[in-house]
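Reader: I would like a close look at a single part of this model, namely the open sheet and what surrounds it. Could you take me through it strand by strand, with the contacts that go with it?

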Amino acid sequence: GNVVTISSGAFLAPGASPGTLLINGDLALANGSTFDAEVQTSGSPTGDLVNVNGNLDIVSGALLDLGLFNTDATLANGSKFSLLSYSGSWNTGTFTGYGDDSSFVLGLNQFLINYNDTSGGVNGGTYSNYVTLTVVPEPRAALLGTLGLLALLRRRRPQAAR
């Protein structure tokens with residue numbers, strides 16, 4: 001039974017830029033609460049992490065304030081950060097503006113957020129369920145790559161001489 005509730009107007013910030021926080025029980029993020037997290041894309045990539053030894057409850061209206069720590073750098077596609085690790089269930093709630101499996105731009109990278117990932121990112125996590133950020137190709141880059149591939153496939157092979 002322990003429940004840590006972040007109330008409306010309150011902030012949850014793992015600290016020490018980036019830092020790790022352990023919650024020994026359930027975590028409830030109320031409407032109007034803010035999870036303040038930083039990721040470091042330069043040098044040795046890492047990020048803030050909250051390990052929740054219990055259930056994760058994100059109420060509609062909870063906010064996610066993501067920021068960059070140190071200098072921004074472009075990461076390889078597939079690079080992943082753990083924001084939260086939890087041992088119990090997730091109530092399917094999402095942070096305002098960050099739907100499950102939606103993408104967004106932060107600095108020089110485009111990320112996909114996943115609330116029920118089963119593998120952690122470069123900064124780990126203690127439990128078996130994760131809220132993660134994964135670098136994905138920017139839509140324009142993916143479109144250009146697809147167009148280039150189609151152009152290659154369209155090229156005709158020279159016909160054999162008769």
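Author: What follows goes from the sheet to its strands, and then to the nonpolar core.

This is a predicted model, and in it six strands form an open sheet with mixed pairing, in the order β3-β7-β10-β13-β12-β11. The edge strands, each of which pairs on one side only, are β3 (20-23) and β11 (102-106), and neighbouring strands of the sheet are turned against each other by 25° on average, with direction ignored. Within that order, strand β7 (residues 49-52) runs parallel to β10 and is joined to β10 by three bridges; Val52, for its part, stands opposite Tyr86 in β10.

Tyr86 also appears around Asn129, a residue placed in strand β13 (residues 129-136). Leaving aside neighbours within four places in sequence, Asn129 is in contact with Leu84, Ser85, Tyr86, Ser87, Gly88 and Asp117, and a polar atom of the Asn129 side chain lies 3.0 Å from the backbone oxygen of Gly88.

Strand β10 leads on to the interior as well, for the largest nonpolar core has 31 residues, and β10 (residues 80-86) gives the most to this core, with four residues. The residues with the most contacts inside the core are Leu27, Phe35, Leu66 and Phe95. Of these, Phe95 touches Phe35 itself, along with Leu29, Ile58, Ala62, Leu63, Leu64 and Tyr115, when residues up to four places away in sequence are not counted.

Methods. Residues numbered from 1 in each chain as written. Predicted model: local features only at pLDDT ≥ 70, side-chain atom pairs only at ≥ 80, totals over all residues. Heavy atoms only, no water. Core = buried A, V, L, I, M, F, W, Y, C linked by side-chain atoms within 4.5 Å. Buried < 20%, exposed > 50% of the residue type's maximum accessible area, 1.4 Å probe, protein only. Helix = DSSP H or I, 4+ residues; strand = E, 2+ residues; numbered from the N terminus. Contact = heavy atoms within 4.5 Å. Polar contact = N/O pair within 3.5 Å; in protein donor to acceptor, adjacent residues only side chain to side chain. Pairing = 2+ DSSP bridges. Axes fitted to C-alpha atoms, helices over the stretch in contact; angles between N-to-C directions.
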